[in-house]
Amino acid sequence: KLTIYFHGANGENVVASDIPSNLEASVVEKRHELIEVVYEVDDQLAEIFLNDEPISPRDLKMAIRRATIARKFVPVYMGSAFKNKGVQPLLDGVLDYLPCPTEVENHALDQNNSEERVLLSGTPAGPLVALAFKLEEGRFGQLTYLRIYEGVIKKGEYIVNINTGKKIKVPRLVRMHSNEMEDIQEAHAGQIVAVFGVDCASGDTFTDGSVRYTMTSMNVPEPVMSLAVSPVSKDSGGQFSKALNRFTKEDPTFRVGLDAESGQTIISGMGELHLDIYVERIRRKYKVDAKVGRPRVNFRETVTQCAEFDYLHKKQSGGQGQYGRVCGYIEPLPIGSATKFEFENMIIGQAIPSNFIPAIEKGFKEASNSGSLIGHPVENIRIVLTDGASHAVDSSELAFKLAAIYALRQCYAAAKPVILEPIMLVELKVPTEFQGTVTGDINKRKGMIVGNDQDGDDTVIAAHVPLNNMFGYSTSLRSMTQGKGEFTMEYLEHAAVSQDVQTQLVNTYKASKGSE
């Protein structure tokens, strides 16, 4: 039992001395408290305690380590960032209590086997598996931080980015000491290093090419909300573009696109807060004032029954004309399908020459990017081509592509299309006294409560709520609970809207198209 003092301008001189006499009783009492807490989560220490045997510092340390690795106990260290007090004991605690790489199980996802979990050995002997977990703009370009889970990485050798399939040479390998760099030739499993000149995104996995493992899933959820953003000043366009490029590399759920009709830049993400944070980062970090449009929920459309199409695209206006006929049917894909769009050519014979089939598929894909109800993408649709006709002179790829586009529009209404909206899993924690008010508000927002638990004086509510009804919810929740309520929200699924909501959305879309 010692008192630790931190002297020097940056707390670098650590001096240990005896505990002052006026604090000795308090220290003994607190140590006893610590032992009581730890023996409740560690059987070996409990046995020593119950046998009234003396507990040595080593016994207590080992018990804390076992409980921490088992995730039953969380050590907390006191310290102050001002003058760096308490840094050295904290680093000692990392060594004493946190697991080394071989003491934890890390699993990769095998991309050759439907993302089946694979246990990594955590040793240098296995194939290289490294995760890019942080990106930084350095003086020499992008600095990518890698955590090596297995194998060895060497300067000058080639590594493969599994997410993009690109083979990259490691030009420079460094070990980071705060903001200082130490050039190294190689690094092993368990180490964190940084590489220069590697173009990648945060969350990408690198291997030596012998395996196709990723540390995070490559199935990134589709964005559920979009915003139109633009810089207030035209002079800041360069910084604005730089910021958006940076964010797309950092976060695979953040997307940037261009609205073909309005020419506006559209950012898409997983919710209102997600996009608000990025707009704020553009302002603060890149010093660009951005104009933000009204949030737009990313609805989808789908069909609910089979419908046949038979469309002839024929145009003759002097010179070579256009001729293409497509016949077949569209139908909904089965629930749980791996793909959202399926095209199948079931033509027997050469009614349509095979070199035009890719153009037909392209036409159907293009048409499904914008449904007839509200102009949002159509998904979970299967298109089957059963027959058609071509002309020896006038048929072309363009003619068949246009025939496919018009064919889908022709039969779309007969397939009884519906609008799908993003449903969010909302988890709330509110004082029990406000439970009735909050539950009533969730019901008003057309939410479905799926869980209700008690946590001390608080009630924990889980609900499925349409994202379109969740705008400004944080402000509403604060006012309902006197600022004591909190919530988290994550995307769950797209589900069909009710008939009245669908009618309202269709009418709004038609009105906006009419005003244009």
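**Getting to know this predicted model**

User: Hello! Let's start with V87: in which helix is the place of V87?

Analyst: Welcome! Please keep in mind that this is a predicted model. The helix that holds V87 covers residues 87–97, and in the numbering from the N terminus this element is helix 4.

User: Is V87 buried, partly exposed or exposed?

Analyst: Buried would need a relative accessible area under 20%, and exposed would need over 50%. V87 has a relative accessibility of 36%. That value falls between the two cut-offs, so V87 counts as partly exposed.

User: Which residues make a nonpolar surface patch with V87, and what is its area?

Analyst: A patch residue needs over 30% relative accessible area, and V87 has 36%. Its partners in the nonpolar patch are L91, V94 and L98. Together, these four make a surface patch of about 320 Å².

User: What about charge: which residues form a negative surface patch?

Analyst: Asp and Glu are the residues that count as negative. One member of the patch, D52, sits in the loop that runs between helix 2 (43–50) and helix 3 (57–69). D52 is exposed, at 70% relative accessible area. The full set in this negative patch is D43, E47, D52 and E53.

User: Let's step back. How many helices and strands are there in the protein?

Analyst: Buried residues make up 39% of the 516 residues. As for secondary structure, the protein contains eleven helices and 29 strands.

User: Why is the protein described as more spread out than a compact globule, and what is its radius of gyration?

Analyst: The C-alpha trace spans about 105 × 65 × 55 Å along its principal axes. For 516 residues the globule rule gives 24 Å. The protein is well over that value and is therefore more spread out than a compact globule, with a radius of gyration of 30 Å.

User: How many salt bridges does a search of the whole structure find?

Analyst: A pair counts when a side-chain nitrogen of Lys or Arg is within 4 Å of a carboxyl oxygen of Asp or Glu. R325 and D310 are one example, at 2.9 Å from N to O. Over the whole structure, the number of salt bridges found is 23.

User: How many residues apart in sequence are the parts that R325 and D310 tie together?

Analyst: The side chains of R325 and D310 meet in a salt bridge. R325 lies in strand 23 (residues 322–332) and D310 in strand 22 (residues 307–315), so the pair ties together parts whose separation in sequence is 15 residues.

User: E331 forms a salt bridge too; with which residue?

Analyst: The closest N and O atoms of the pair are 2.5 Å apart. E331 is in strand 23 and its partner in strand 25 (residues 381–389), so parts that are 51 residues apart in sequence are tied together. At 21% relative accessibility E331 counts as partly exposed, while the partner, at 15%, counts as buried. That partner is R382.

User: Where is K401, which forms a salt bridge with E366?

Analyst: E366 and K401 have their closest N and O atoms 3.0 Å apart. The pair links distant parts of the chain, 35 residues apart: E366 is in helix 7 (residues 357–367), and K401 is in helix 8 (residues 397–412).

User: How far apart in space are V160 and F206, C-alpha to C-alpha?

Analyst: V160 has its place in strand 8 (residues 158–161), where it counts as buried at 17% relative accessibility. In sequence, V160 and F206 are 46 residues apart. In space, their C-alpha atoms are separated by 5.3 Å.

User: One last thing: what is the phi of S114, which is not a glycine?

Analyst: S114 is in the loop between strand 3 (107–110) and strand 4 (116–119). This residue is exposed, with a relative accessible area of 73%. Although S114 is not a glycine, its phi is positive, at about 55°.

Conventions: Residues are numbered from 1 along each chain as its sequence is written. This is a predicted model: local features need pLDDT of at least 70, side-chain atom pairs count only at pLDDT 80 or more; totals for chains, interfaces and linings use all residues. Side-chain values use heavy atoms; hydrogens and water are left out. Patches are made of residues with over 30% relative accessible area and no salt bridge: like charges are joined within 9 Å, nonpolar side chains (Val, Leu, Ile, Met, Phe, Trp, Tyr) within 5 Å. Accessible areas come from the Shrake-Rupley method with a 1.4 Å probe; for residues, only the protein chains shown count as cover. The place of a charge is taken as NZ of Lys, CZ of Arg, CG of Asp or CD of Glu. Helices (H or I, at least four residues) and strands (E, at least two) are DSSP runs, numbered from the N terminus. Buried means under 20% relative accessible area, exposed over 50%, partly exposed in between (1.4 Å probe, protein chains only). The radius of gyration is taken over C-alpha atoms; the globule rule is 2.2 Å times the number of residues to the power 0.38.
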